[in-house]
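Grab a pencil and let's work through some exercises on a protein model. Each one gives you a task, then a solution that goes step by step.

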Amino acid sequence: MEAAATRPVLRVAAICGSLRKASFNRGLLRAAAEVCEDSIPGLRVDHLDISDLPLINTDLEIDGGFPPAVEAFRVKVAQADCVLFGAPEYNYSIATPLKNALDWASRGKNCWADKPAAIVSAGGGFGGGRSQYHLRQVGVFLDLHFINKPELCVQAFQQPPKFDSDGNLIDAQIRERLKQVLLSLQAFTLRLQKD
């Protein structure tokens, strides 16, 4: 009990690549916050909204500064101990809002550098797996350090239902798999912080 009390609280920046309110990927991130609150001491999920970020345009950078929404986002990314991406798959790749957020936070001082990260996704067919692989490729250049396992690609349209009509996760097995992703991210973050 004493070891758990002395464990630092790690701040997880949760970023959803979909702007849709009932997004299944957003639902996974909401569920991640609930799982942490219920059963993972020392891990707190904070949702970072990317809907106000303008499309990346370096003409908007004035005197080395960024538009206010971009600056606020960059500060939150920099303050996070690790990152959890909810990565929808659009046309076999990363959704535009997510790529835009990745690009803005990499300008100037790269806010992603040396951050541990994990990816979860939900969608049809492959469950967003191709977007996860593309995000990992982008992460190489950004110096993001992704956990390798477990992977979570939810085939959202297969029976039984995984999400309700508001995009909330209702599948207990997926929730348990999500917990394992979070525990892996927590352990990896603590390990990297020791180094």
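Before the first exercise, you need to know how helix angles work: axes are lines fitted to C-alpha atoms, for helices over the stretch in contact, and angles run from 0 to 180 degrees between N-to-C directions. Helices (H or I, at least four residues) and strands (E, at least two) are DSSP runs, numbered from the N terminus.

A word on where things come from: this is a predicted model, where local features need pLDDT of at least 70, side-chain atom pairs count only at pLDDT 80 or more, and totals for chains, interfaces and linings use all residues. Residues are numbered from 1 along each chain as its sequence is written, and side-chain values use heavy atoms, with hydrogens and water left out.

**Exercise 1. Work out how α3 and α4 pack, and what makes the contact.**

Step 1: find the geometry. Helix α3 (residues 68-79) and helix α4 (residues 96-106) have axes 9 Å apart, at an angle of about 80°.

Step 2: name the arrangement. Angles under 35 degrees count as roughly parallel, over 145 as roughly antiparallel, 65 to 115 as roughly perpendicular and the rest as oblique. So α3 is roughly perpendicular to α4.

Step 3: list the residues in contact (heavy atoms within 4.5 Å). α3 brings Val70, Phe73 and Arg74, while α4 brings Ala101, Trp104, Ala105 and Ser106.

Step 4: sort them by class. Ala, Val, Leu, Ile, Met, Phe, Trp, Tyr, Cys and Pro count as nonpolar, Asp, Glu, Lys and Arg as charged, and the others, Gly among them, as polar. That gives five nonpolar, one polar and one charged for α3 with α4.

**Exercise 2. Now do the job for α4 and α5, then look at the buried side of α4.**

Step 1: α4 and α5 have axes 12 Å apart and an angle of about 5°. That makes α4 roughly parallel to α5.

Step 2: on the α4 side, the contact uses Leu98, Lys99, Leu102 and Ser106; on the α5 side, Leu135, Val138 and Leu142. By class you get five nonpolar, one polar and one charged.

Step 3: pick out the buried residues, where buried means under 20% relative accessible area, exposed over 50%, and partly exposed in between (1.4 Å probe, protein chains only). In α4 they are Pro97, Leu98, Asn100, Ala101, Leu102, Trp104 and Ala105.

Step 4: see what they pack against. Their partners are β1 (10-16), α3, β3 (82-86), β5 and α5 (129-142).

Step 5: check what comes after the helix. Gly108 follows α4, and its phi is positive, near 60°.

**Exercise 3. Is Thr189 buried or exposed, and which residues does Thr189 contact?**

Step 1: place Thr189, which sits in helix α6 (residues 172-194).

Step 2: use the cut-off. Thr189 has 1% relative accessibility, so Thr189 counts as buried.

Step 3: set aside neighbours within four places in sequence. Thr189 then touches Leu10, Asp81, Cys82 and Pro116.

**Exercise 4. Compare Tyr92 and Ser93 by location, accessibility and contacts.**

Step 1: Tyr92 is in the loop between β4 and β5 (93-94), and Ser93 is in strand β5.

Step 2: Tyr92 counts as exposed because its relative accessibility is 54%. Ser93 has 23%, so Ser93 counts as partly exposed.

Step 3: again skip neighbours within four places in sequence. Tyr92 contacts Arg130 and His134, while Ser93 contacts Pro88, Ser131 and His134.

Step 4: look at the spacing. Ser93 and Gln132 are 39 residues apart along the chain, and their C-alpha atoms are separated by 8.0 Å.

**Exercise 5. Find where the chain has cis peptide bonds before Pro150 and Pro160, and a positive phi at Asn91 and Asp114.**

Step 1: the bond from Lys149 to Pro150 is cis, with omega near 0°. Pro150 is in the loop between β7 (145-146) and β8 (152-155).

Step 2: the bond from Gln159 to Pro160 is cis too, with omega near -5°. Pro160 belongs to the loop between β8 and α6.

Step 3: Asn91 is not glycine, yet its phi is positive, near 50°. Asn91 is exposed, with a relative accessible area of 78%.

Step 4: Asp114 is also a residue other than glycine with a positive phi, near 65°. Asp114 is found in the loop between α4 and β6, and counts as exposed at 56% relative accessibility.
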